[in-house]
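Reader: Please show me the model, and explain the terms used to describe it.

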Amino acid sequence: MCSILGPEQGWRRAGVLVLVGMSMALAPGCSMPERGPRRQAFGHDSPVYGGRFVFSAEDDVRTLDPAVGYDSDSWNLEHLIFDTLLAYDDDVQLVPSLASSWEVDERGLVYTFHLRDDVRFHTGRLMVADDVVGSWNRLFDPALASPATDFFGVIQGADAVMEGRADRLSGLVALDPHTVQVTLDHPDSTFPNIVAMMFGAIIPPEVAAELGDRFALTPVGTGPFQVTERAVGEHTLLTAFDDFWQPGLPYLDEVEFLAGYPRSLAFMKLENDEIHEVDRLTSPDYLWLKHNPAWRRQLYEYPAVDTYGELMNTEMPPFDDVWFRRAVSTAINRDKLRKLRNGRLRPTVSWVPPALPGFADWDKLTPEERADFQYQRYDPDLSRECLAKSRYADGLSEPLTYWAVDTEGSLVTAMSIQQDLAAVGIPMELKLVTLSTYFTASGRRKTVPFAYAAWVMDFPHERNFLESRFHCRMISDENSTNDSFYCNPEVDALLDRAARTMDEGQARELYWQAHRIIARDAPYAFEYHSTALSVTQPYVKGFRAHPVYNRDMREAWLDLPEGRPTPDRGGAP
């Protein structure tokens, strides 16, 4: 017999939901109603102009200042407003952007960037080399507390600026209006990747100085769109910049970002043709969509370049004991997590994702390598052995406190881990917090002992995954990127040597050695790599789910009858 909860709720709410995140089954005899998108593509042979592209997220972006924003939602919008000297193509290869070309000397110390001469800011002023110098010096303004200093700190003179002995980077010079020379303290083969981060976006320094804190609300860049309306906690409206330096772009007249839309609401808005794309779904919505032929063809799934796991604060008992951390890591059933999340996870023993060199594939590891990575896979017998070798073999004085964010993925993971740890004799209790509370607290020393965490690629290199999370240099009292507060001088030495060598093969070997030690020390329980998704309206064209830029709508257009063959924006700003 077919059970439908109500016509207004639709088939998506039908069936039996066994557990949040588990499979939803149709009763025998149920058939799939053909409820599909409200509008189809018109069929234009080439891109047309016009329209407003609307997308949403559960939370508002934290900032639009590229010197400060350090999360994927902020970067989604910033990528529309700003440009960097270098960028990534669809194959994740570095290509010229605001810089028409660049070169590095044979020592790997001096980079020279040759700038385009036709780039304008949203104010109308032409960009010149002094703007690059001003933008990158601004990253070291103490008032901003920019995370970018961890990356751009390799520029000569950065230490003097951060220590207050200088007010400008000595290694950053405008040779002429269209040439910038950057001298590094030491060779860094990933510096071009750093330049391509949103932190490296070029802004008009005089506008940032004039606006102060307000620059984070209405920033000015060189990108295809400019900010025309910003209501914090509600929405952000961007309009096309007609003097954008890439001819013919953008196609869209406007892009609107809506804040505070839970996943279920966002998908309803997609069904109602009020939103053009969603990149997160509840488990019931995902399963409904997968079984609906009309919508399934609009779903694009791809491996994300990320790693999820459990941080264990090595400065807080009992996680200051390596054997206890190993006991926890080996108690966690990664395959169960995969099943709970509809098979959209790839269990792993590796902190470096499969898309990058340095990925640890268990089936291809040597016996010696498996001896290190064994602490990153489910093995309850090994877990009990590790627990017996720890200082807590006789039990804990109180249950572990696990910080969980009140979202579907976090709660499903937390409850599963709670069961896994109980099976080996480790009690655990949950502490539910908001996402903003978690972000603030997890970077603060001796605050969060145990929590669900992740690293999503800043740039496509194993250095970004290993150094950012596990180098001692990344530890700070507040806003610590190294949120397990793990510090191993041997690992630091390997990572530093790898970053400074220009020999790619040697660097790969050094990163691999560091990866093995980190896996063995288990400051994190490595769990899985995720599968990202994007669902768009049938008439959305040119939208890309990019490995680096995530939701990339720079070249998006709407294949609708009202589309215009030319920009002809009628005086739109």
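The exchange below sets several assignments against their definitions.

Author: This is a predicted model, in which local features need pLDDT of at least 70 and side-chain atom pairs count only at pLDDT 80 or more, while totals for chains, interfaces and linings use all residues. Residues are numbered from 1 along each chain as its sequence is written, and side-chain values use heavy atoms, with hydrogens and water left out.

Reader: Why is histidine 546 called buried?

Author: Buried means under 20% relative accessible area, exposed over 50%, and partly exposed in between, with a 1.4 Å probe and protein chains only. Histidine 546 has a relative accessible area of 2%, so histidine 546 is buried.

Reader: What makes the approach of the histidine 546 side chain to valine 548 a polar contact?

Author: A polar contact is a pair of N or O atoms within 3.5 Å; within protein, one must be able to donate a hydrogen and the other to accept it, and residues adjacent in sequence count only if both atoms are side-chain atoms. The side chain of histidine 546 reaches the backbone nitrogen of valine 548 at 3.0 Å. Histidine 546 itself lies in strand E22 (residues 544–546); strands (E, at least two residues) and helices (H or I, at least four) are DSSP runs, numbered from the N terminus.

Reader: Which residues does histidine 546 touch, not counting those up to four places away in sequence?

Author: Contact means heavy atoms within 4.5 Å, and on that basis histidine 546 touches Tyr88, Asp89, Asp90 and Asp552.

Reader: How do you know that strand E14 pairs with E20?

Author: Two strands pair if DSSP finds at least two bridges between them. Strand E14 (residues 299–303) and E20 have five bridges, in the antiparallel sense, and therefore pair. One of the partnerships joins tyrosine 302 to alanine 532 in E20. Strand E13 (residues 277–278) is joined to E20 by two bridges, also running antiparallel, so the criterion of at least two is met. In E20 (residues 524–536), 12 of the 13 residues are buried.

Reader: What makes a set of residues a nonpolar core?

Author: A nonpolar core is a set of buried Ala, Val, Leu, Ile, Met, Phe, Trp, Tyr and Cys residues joined through side-chain atoms within 4.5 Å. The largest such core has 122 residues, and Leu85, Trp136, Phe152, Val182 and Phe191 touch the most other members. Its largest share, eight residues, comes from helix H18 (residues 504–521). A second, separate core of 27 residues includes Ala331, Ile426, Met428 and Tyr528.
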